[in-house]
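Let's read a protein model together, feature by feature. Please have a look at it first.

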Amino acid sequence: MAQAVEEWYKQMPIITRTYLTAAIVTTIGCSLDIISPYNLYLNPKLVVKHYQVWRLVTNFLYFRKMDLDFLFHMFFLARYCKLLEENSFRGRTADFFYMLLFGATALTGIVLVGGMIPYVSESFAKIIFLSNSLTFMMVYVWSKQNPFIHMSFLGLFTFTAGYLPWVLLGFSVLVGASPWVDLLGMIAGHAYYFLQDVYPRMSGRRPLRTPAFIKAFFADEPVVVARPGNVRFAAPPVDGIQPN
């Protein structure tokens, strides 16, 4: 069993493995009082006035207390982050990292702007950790890129992957969780999907290009698609040809 888990862990692509490890270590560290969540949460004043810039990153690593909700999000993180990195972004690690960077920046910006809008500022002020939102963003992007895959929710009903974010959002509401966290992930995910996939098809321009300095950090191996050469197909038998 331990060997199987170790093999599964080693086979994870680099970004997924790094993020999953950091999230688990951070959450366990907080549960054991080794790390204080007060040093991790997003606080714009502390970032600007006290230069605690690490909060812009650490708020994406802490998944609150270790309960069933934590296990669900670890499953989503391990599954959909891996699926994106291995399939949609295969051979493009830098582009995948840039997607996560875009999502983290968009989520942070939404929370900061929302905190200045009357009537909703109190709701945004309560959002001090964006780890769940970033995970939900990855689920949303994957569902948009694979909308026709058939899925089952707890064996109760089946649906296509395009509806997965809405099914999970409905489940969050049913169990009494705040829908704001999931909605933020959907907004950030849709913004990325539109700018990366929809807008380029409409205009022929691609606004989200991975900067060269990010690509310099990742040595992506080219994906080689083998094509058979000199393949000849035999002509169909005469008996199999029907006259018009």
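What follows is a conversation between a learner and a teacher about this model.

Q: What kind of model is this, and how are the residues numbered?
A: Residues are numbered from 1 along each chain as its sequence is written, and this is a predicted model, in which local features need pLDDT of at least 70 and side-chain atom pairs count only at pLDDT 80 or more, while totals for chains, interfaces and linings use all residues. Side-chain values use heavy atoms, with hydrogens and water left out.

Q: How many helices and strands does the protein chain have?
A: Helices (H or I, at least four residues) and strands (E, at least two) are DSSP runs, numbered from the N terminus. Here the protein chain has 11 helices and 2 strands. Along the sequence, the pattern reads α-α-α-α-α-α-α-α-β-β-α-α-α.

Q: What percentage of the protein chain counts as buried?
A: A residue is buried under 20% relative accessible area, exposed over 50% and partly exposed in between (1.4 Å probe, protein chains only). By that rule, 38% of the 244 residues of the protein chain count as buried. The protein chain exposes about 15,600 Å², and carbon and sulfur atoms supply 64% of it; such areas come from the Shrake-Rupley method with a 1.4 Å probe, and for residues only the protein chains shown count as cover.

Q: How do I read aromatic pairs, and how many does a search of the whole structure find?
A: A pair of aromatic rings is described by the distance of the centres and the angle of the planes. Rings of Phe, Tyr and Trp (its six-membered ring) pair if their centres lie within 6.5 Å; planes under 30 degrees apart are stacked, over 60 edge-to-face, and the rest tilted. The search of the whole structure finds 10 aromatic pairs. Among them is the tilted pair of Phe-89 and Phe-96, with 5.3 Å centre to centre and 55 degrees between the planes. Both Phe-89 and Phe-96 are buried. The rings of Phe-102 and Tyr-192 have centres 5.8 Å apart and planes at 55 degrees, so this pair is tilted too. Phe-102 lies in helix 6 (residues 93–114) and Tyr-192 in helix 10 (residues 179–203), so the pair ties together parts that are 90 residues apart in sequence. Phe-102 is buried at a relative accessible area of 19%, and Tyr-192 is buried at 3%. Elsewhere, Phe-75, Phe-76, Tyr-80 and Trp-142 form one aromatic cluster.

Q: Which charged end sits over the ring of Tyr-80?
A: A charge sits over a ring if NZ of Lys or CZ of Arg is within 6 Å of the ring centre and within 35 degrees of the ring normal. For Tyr-80 the partner is Arg-79, whose charged end is 5.4 Å from the ring centre. The charged end of Arg-55 sits over the ring of Tyr-41, 4.9 Å from its centre.

Q: Which residues are in contact with Met-99, leaving aside its neighbours within four places in sequence?
A: Contact means heavy atoms within 4.5 Å. Met-99, in helix 6, is buried with a relative accessible area of 0%. With those neighbours left aside, Met-99 is in contact with Leu-84, Phe-89, Met-137, Met-138, Val-141 and Tyr-192.

Q: How many residues of helix 8 are buried?
A: 13 of the 15 residues of helix 8 are buried, so this helix is largely enclosed by the rest of the structure. Helix 8 (residues 131–145) reaches 22 Å from its first C-alpha to its last, close to the 21 Å expected at 1.5 Å a residue. The expected span is 1.5 Å times one less than the number of residues.

Q: Where do the side chains of strand 1 point?
A: In a regular strand the side chains alternate between the two faces of the sheet. In strand 1 (residues 150–153), Met-151 and Phe-153 point to one face and are buried, while His-150 and Ser-152 point to the other and are not. Strand 1 pairs with strand 2 (residues 157–160) in the antiparallel sense over 4 bridges; two strands pair if DSSP finds at least two bridges between them. The bridge partner of Met-151 in strand 2 is Phe-159. The two strands form a hairpin with 3 residues between them, and Leu-154 in the turn has a positive phi of about 55 degrees.
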